[in-house]
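Hi,

Here's the structure I said I'd pass on. Have a look at it first, and my notes follow underneath.

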There are 2 protein chains.
Amino acid sequence: MPCMPGIGKKSGCDEMNDVAIVGIGCTPVGEPWNKSLREIAVESTWAAMNDAGVNEVDGLVVGNMSSGNFVDQESLGSLIADYAGLGNITAFKVEGACGSGGVAFRTGVMAVASGMHDVVCVTGVEKMTDVVGDSATKILANASDREYEAVHGVTFVGLNAMVMRRYMHDYNARREDICSIPVNSHKNAVHNKNAMFRREISLDSVINSPMVADPLSLMECAPICDGAASIILTTRERAKEFTDTPIIVKGSAVKVDTIGVHDRKNVTSMTATVEAAKEAYNMAKLTPKDMDTAELHDAFSIMGVIGLEDLGFVRHGKGAHFAAEGQIGIGGKLPCCTYGGLKARGHPVGATGVYQILELTKNLRGEGVVDAQNGIAQNIGGTGSTVSVTILGRDI
Amino acid sequence: MPCMPGIGKKSGCDEMNDVAIVGIGCTPVGEPWNKSLREIAVESTWAAMNDAGVNEVDGLVVGNMSSGNFVDQESLGSLIADYAGLGNITAFKVEGACGSGGVAFRTGVMAVASGMHDVVCVTGVEKMTDVVGDSATKILANASDREYEAVHGVTFVGLNAMVMRRYMHDYNARREDICSIPVNSHKNAVHNKNAMFRREISLDSVINSPMVADPLSLMECAPICDGAASIILTTRERAKEFTDTPIIVKGSAVKVDTIGVHDRKNVTSMTATVEAAKEAYNMAKLTPKDMDTAELHDAFSIMGVIGLEDLGFVRHGKGAHFAAEGQIGIGGKLPCCTYGGLKARGHPVGATGVYQILELTKNLRGEGVVDAQNGIAQNIGGTGSTVSVTILGRDI
């Protein structure tokens with residue numbers, strides 16, 4: 001792991017190990033009401049361990065947003081390690097709202113880079129569909145500022161709708177261009193057996209779908225769903241023991257912004273994305289031009305557009321047009337959300353960031369839907385209050 | 001950070017930086033109904049930063065169990081970084097039930113040891129006393145196995161009561177000996193201005209207090225309360241820039257066990273404590289004999305007793321007698337819970353592990369209630385399903 005720039009690092013960096021991905025696994029995203037959180041988490045953990053060919057790990061980092069509210073269960077580290085039969089290892093949960101998966105991944109990278117762990121499993125999991133008490137919408141609002149946002153009744157769709165309206169105003173952007181984000185994601189989900197919605201949708205159907213929070217319509221919003229995804233990490237040095245195609249973590253950053261949207265000078269760009277991307281590109285010594293594919297956090301259509309801009313692929317205000325031109329499709333200039341994104345693969349919040357990195361890994365291994373040398377994933381928590389950016393590359 | 005033994009480490013370890021504590025701060029534990037979670041978290045974060053003399057950090061690790069259930073708020077990383085004015089740094093929450101504070105501390109150690117962070121704040125916080133919906137007892141039960149334990153109505157006191165009864169049976173232990181644990185903690189809290197209960201209690205008053213879950217009485221159980229505690233970490237190399245008395249993290253381990261108590265062969269010893277202690281002692285190249293003081297997780301009297309045994313200070317079955325003899329008092333062979341422990345300082349669950357390390361740091365700096373060269377802290381999540389063990393020492 002190279003030095004992070006700009007924080008006065010004085011020692012140790014040059015000796016850091018690179019970290020590699022040697023295994024991936026997940027469950028299909030959907031509404032498996034016959035399976036509990038622990039079952040899908042164990043299923044994906046085992047799938048990734050099988051993929052890596054390991055029968056033990058010495059660390060488990062769980063990415064999860066709100067199992068306490070969704071299924072009355074905390075202590076996911078011990079729960080999943082226990083039911084996956086991992087023994088008395090180190091295990092704990094990491095939370096960064098809907099960005100929990102990406103944050104857990106970076107924590108796993110730290111665990112290996114620190115030398116304190118050797119082979120680590122990162123499992124993102126969320127079980128959202130069979131909630132007994134509160135509604136999922138109320139629970140998700142816990143990721144906004146409870147005392148200054150949620151208390152007034154604004155939901156996440158509402159907050160994102162305000163961002164979208166401002167964006168359309170500032171850049172004179174067309175709603176039909178922004179709506180090309182979910183059209184692309186659905187198209188790419190058709191061939192993903194783990195996606196929740198494996199069917200194409202037309203631009204008209206998005207535009208004419210019921211309004212949820214004006215100007216965001218139903219087909220611009222990711223679904224409430226369940227899922228679990230896992231990644232096995234080890235040092236670059238050891239990676240070849242497990243796989244012929246280790247994928248290198250070239251950059252991994254997590255940055256936060258104000259939790260409340262009202263406290264930002266500009267709501268049409270996410271500072272946390274910009275800062276995380278800057279750090280990740282610097283770590284990787286790569287630029288946006290080097291990226292062959294991108295997994296955007298398209299929980300709402302507008303977030304896909306702003307992601308394209310904040311990650312440096314197009315100038316501010318140009319994202320919607322870039323998408324509408326077809327540049328983000330398979331075969332386009334920058335294939336995005338290649339397995340369906342949050343909209344069509346699904347968005348089991350704490351797992352999403354891990355699904356993205358898994359999909360990116362497939363594309364980098366040469367077994368995916370695009371053939372990529374380097375790729376990037378962006379995972380957002382809250383309305384841009386926590387963002388992780390991950391850059392992966394082939395081991396060449 | 002030296003190599004962890006026994007997991008086949010092949011590279012990097014010898015180059016690891018030692019990690020040091022350079023700042024500590026906390027709020028008084030109690031029932032501050034006029035302050036929200038964010039307020040106490042910011043107060044303790046700033047207190048630790050002031051103590052270290054830093055006005056910025058590049059990482060914030062929050063230890064918290066259940067803010068989603070207690071105060072309808074997730075995303076504590078961005079929330080606290082935002083309100084503490086820390087800017088667009090890396091910030092996230094770590095959870096390991098009532099052991100969240102200790103787990104967060106170790107995650108902060110990894111962050112520095114990995115070279116990915118330079119100066120990190122670890123803030124443990126829990127706000128438990130002004131819950132609107134569910135009761136605190138129900139929320140705490142989320143740390144047990146919801147589907148196999150809590151669903152039957154057993155609470156944490158109930159689970160610990162079963163452990164205590166088995167312990168008394170197996171070792172023919174006397175209840176009045178076990179009850180000397182809270183007597184010691186209360187005695188030590190008198191001089192701690194941050195403690196919730198600053199008064200001594202007699203052995204008789206403990207024994208005769210109302211039964212909560214037979215054989216555990218009210219005065220053997222830690223209170224529901226609010227609190228926040230923070231620690232500033234950096235490399236050993238940089239530590240002298242901030243303080244004349246840096247405290248070195250000599251060992252730091254987190255281990256899990258089965259989440260359900262019924263799945264263990266032996267319930268009178270916590271395997272997670274034994275394994276975490278083994279790893280921490282190995283990292284530190286120290287033994288129980290080298291410890292001058294111990295912060296035990298005395299959430300229930302019996303846990304203090306078993307902690308003494310599992311950390312290697314006395315043989316199994318001898319902990320209660322050791323405590324009753326006065327060996328754990330200030331001036332005794334091994335002063336324990338020197339600032340009141342969980343019973344009298346209080347147990348704001350996600351913050352507790354950080355309070356313990358803060359108190360240990362005071363004792364090691366030579367500004368505490370005992371004068372120690374090395375010390376140990378044990379923080380438990382669930383009924384021993386997650387345990388962190390931390391060994392600190394002077395920089396000599």
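Bear in mind that this is a predicted model. I'll start where the two chains meet. β3(A) and strand β3 of chain B, residues 90–95, run antiparallel and are joined by three bridges. If you want a pair to click on, take Lys93(A): its bridge partner in β3(B) is Glu95(B).

That strand pairing sits within a wider contact, with 68 residues of chain A touching 68 residues of chain B. On the chain A side, the elements that each supply at least two residues are α2, α3, β3 (90–95), α4, α10 (236–239), β8 (247–256) and α11 (271–284). β3(A) gives the largest share of that side, at six residues. Sorted by class, the chain A side has 25 nonpolar, 26 polar and 17 charged residues.

Next, a helix pair inside chain A. Helix α4 (residues 100–113) packs against helix α15 (residues 349–365) at an angle of about 60°, and their axes are 5 Å apart. Angles of 65 to 115 degrees would count as roughly perpendicular, so α4(A) and α15(A) come out as oblique to each other. From α4(A), the contact uses Ser100(A), Gly101(A), Gly102(A), Ala104(A) and Phe105(A). The α15(A) side brings Val349(A), Gly350(A), Ala351(A), Thr352(A), Gly353(A), Val354(A) and Ile357(A). By class, this contact has six nonpolar and six polar residues, with no charged ones.

Now some backbone details you may want to check before you set anything up. Most peptide bonds are trans, and most residues other than glycine have a negative phi. Here are the exceptions I noted.

Cis peptides: in chain A, the bond joining Asp214(A) and Pro215(A) is cis, with omega about 10°. Pro215(A) is in the loop between β5 (211–213) and β6 (216–217) of that chain. In chain B, the bond from Asp214(B) to Pro215(B) is cis too, with omega near 10°, and Pro215(B) is in the loop between β5 (211–213) and β6 (216–217) of chain B.

Positive phi: Ser75(A), in the loop between α2 (67–71) and α3 (76–83) of chain A, has phi near 60°. Is Ser75(A) buried or exposed? It has 32 other C-beta atoms within 10 Å, so it counts as buried. Lys285(B) also has a positive phi, near 55°, and lies in the loop between α11 (271–284) and β9 (293–295) of chain B. Lys285(B) has 11 C-beta neighbours inside 10 Å and therefore counts as exposed.

Cheers

Technical notes: Residues are numbered from 1 along each chain as its sequence is written. Chains are lettered from A and ligands numbered from 1 in the order in which they are written. This is a predicted model: local features need pLDDT of at least 70, side-chain atom pairs count only at pLDDT 80 or more; totals for chains, interfaces and linings use all residues. Helices (H or I, at least four residues) and strands (E, at least two) are DSSP runs, numbered from the N terminus. A residue is buried if 20 or more other C-beta atoms lie within 10 Å of its own, exposed if 12 or fewer, and partly exposed in between; C-beta atoms are placed from the backbone. Axes are lines fitted to C-alpha atoms, for helices over the stretch in contact, and angles run from 0 to 180 degrees between N-to-C directions. Angles under 35 degrees count as roughly parallel, over 145 as roughly antiparallel, 65 to 115 as roughly perpendicular and the rest as oblique. Two residues are in contact if their C-beta atoms, placed from the backbone, lie within 7 Å. Ala, Val, Leu, Ile, Met, Phe, Trp, Tyr, Cys and Pro count as nonpolar, Asp, Glu, Lys and Arg as charged, and the others, Gly among them, as polar. Two strands pair if DSSP finds at least two bridges between them.
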